Amino acid sequence: MRRTLSIGLAILGTVAVGVALALWLLREDTISLRVRGLEETVAAGMTLSEAAERFGLRPVAGDLFDVQGGILRRNAYPGRVLLNGRAAPGRTRLEDGDRLRVLAGRSRPEPSTRFFVRIRGGMPSNPQFSLAWTPGEQEIERGRISGKIAPRAFRPSGPSRTPRAVALTFDDGPSPSTGEILAVLKRFHARATFFAVGRLARQYPSLVRRELAAGMEVGSHSYSHPYRTPFDRQPHEEIVDEIERGKAVLAALGAEPTLFRPPGGSFSPDVIEAAGAYGQRLVLWSVDPTDWKAGTTATQIARRVLRAVRPGSIVVLHDGGGDRSQTARALPAIVRGIRAKGLKLSLIDPRQEP
């Protein structure tokens, strides 16, 4: 009995030693890593390239941009997988406790040169709130690779000149109300600037062509007029997409918009730069009768405009976004009242000095 017990204990001891040895050998065959902040166990001897493949560590590459914001070369600047905070060859064998992290490639602008061009007649501000023009020097950036140019800062060199003129502008169209407004403007031999929404211009292309045929200026009001988030708080790629698509639709209809009015008037340096990359300057306003508010009458709209207009004023009205019949009915009084003040009606055309 004792002999049997001794044999049993010996067997158990041998098994325990075997298990311990197996666990020790297994431990020696694995290492622990910190991958993107999480602890992972891998086979000893694994290389950096093998770990990157196993854990899907695929860094995004950066692009090379031209001075107008377009892509010159995609994936020009590869990202890297960092080992303990530093770059390492892919064949490097990993050790216990190593840390792996992904570093995206940084997009960069092309090299460029800058120079100044004197604007003797002057130019409006950007963003523009009135029809005033200021003489000065325009800074121009030229890409050394693309050869493209883009306007940058403007240095004023003298006092602004304000014409005895007022600009009427219309937002959020085209819509069925646009035709009614065009008819009134034609009857009074008045010209105005229409800031068209791209998707609506695609829906009502004949109205955009009517605006152009009547001698109106057509600017862009983005492609879809996003409003849930202020335009200047949209992601940069969304801002660029709205500007690019809006311009493309209008260009296909015969307009080459050089003016951009951001939805809601929301702007930032990013919006100004993005619009400038597509040859557009921001135009806002100085007089807003809030004709878009429900229940506003034609009399109220006309009275608010005529109380506020001054030489150089830019008036914002609407030919879209709902029923704009009250705006159309207010127009005759607005046009007559502006002319009675000794002011003419003008386009916001950057190619024309006051």
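This text walks through a predicted model of one protein chain, from overall form to single residues.

Start with the fold elements. The protein chain has nine helices and 18 strands. Its radius of gyration is 33 Å, well over the 20 Å that the globule rule gives for 354 residues, so the chain is more spread out than a compact globule. The box around the C-alpha atoms, taken along the principal axes, is roughly 125 × 50 × 35 Å.

Next comes packing. Of the 354 residues, 42% count as buried. Take the contacts between residues at least 6 apart in sequence: 67% of them join residues at least 24 apart. The accessible surface comes to about 19300 Å². Carbon and sulfur atoms account for 53% of that surface.

Charge can be put briefly. The chain carries 52 positive and 35 negative side chains. The centres of these two sets lie 6 Å apart.

How far does the predictor trust the model? The mean pLDDT is 89, and 90% of the residues reach 70 or more. Residues 21-26 fall below 50. Beyond near neighbours in sequence, this stretch has zero contacts in the model.

Now the backbone. Two cis peptide bonds can be inspected, each leading into a proline. One joins N126 and P127, with omega at about 5°. P127 sits in the loop between β9 (112-123) and β10 (134-143). Another runs from G173 to P174, with omega near 0°. P174 belongs to the loop between β12 (165-173) and α3 (176-187).

Positive phi angles come next. R36 is not a glycine, yet its phi is positive, about 50°. The loop between β1 (30-35) and β2 (38-43) holds R36. Its relative accessible area is 53%, and the cut-off for exposed is over 50%. R36 therefore counts as exposed. N75 also has a positive phi without being a glycine, at about 55°. N75 lies within strand β4, residues 71-77. With a relative accessibility of 54%, N75 counts as exposed.

Turn from the surface to the interior. V271 is placed in helix α7, residues 269-277. Its relative accessible area is 0%, so V271 is buried. What surrounds V271, leaving aside its neighbours within four places in sequence? The contacts are F231, D232, I239, I243, F260, S266 and L282. L282 is eleven residues from V271 along the chain. The C-alpha atoms of V271 and L282 are separated by 8.6 Å.

V305 gives a second interior view. This valine is part of helix α8, residues 298-308. V305 has a relative accessible area of 0%, and buried means under 20%, so V305 is buried. Setting aside neighbours within four places in sequence, V305 is in contact with V287, P289, V315 and I334. A330 offers a distance to check in the viewer: V305 and A330 are 25 residues apart in sequence. Their C-alpha atoms are 9.7 Å apart in space.

To recap, the chain is more spread out than a compact globule. R36 is exposed, and so is N75. V271 is buried in the model, as is V305.

Technical notes:
Residues are numbered from 1 along each chain as its sequence is written. This is a predicted model: local features need pLDDT of at least 70, side-chain atom pairs count only at pLDDT 80 or more; totals for chains, interfaces and linings use all residues. Side-chain values use heavy atoms; hydrogens and water are left out. Helices (H or I, at least four residues) and strands (E, at least two) are DSSP runs, numbered from the N terminus. The radius of gyration is taken over C-alpha atoms; the globule rule is 2.2 Å times the number of residues to the power 0.38. Buried means under 20% relative accessible area, exposed over 50%, partly exposed in between (1.4 Å probe, protein chains only). Contact means heavy atoms within 4.5 Å. Accessible areas come from the Shrake-Rupley method with a 1.4 Å probe; for residues, only the protein chains shown count as cover. Lys and Arg count as positive and Asp and Glu as negative; His and the chain ends are not counted. The place of a charge is taken as NZ of Lys, CZ of Arg, CG of Asp or CD of Glu. pLDDT is the predictor's confidence in each residue, from 0 to 100.
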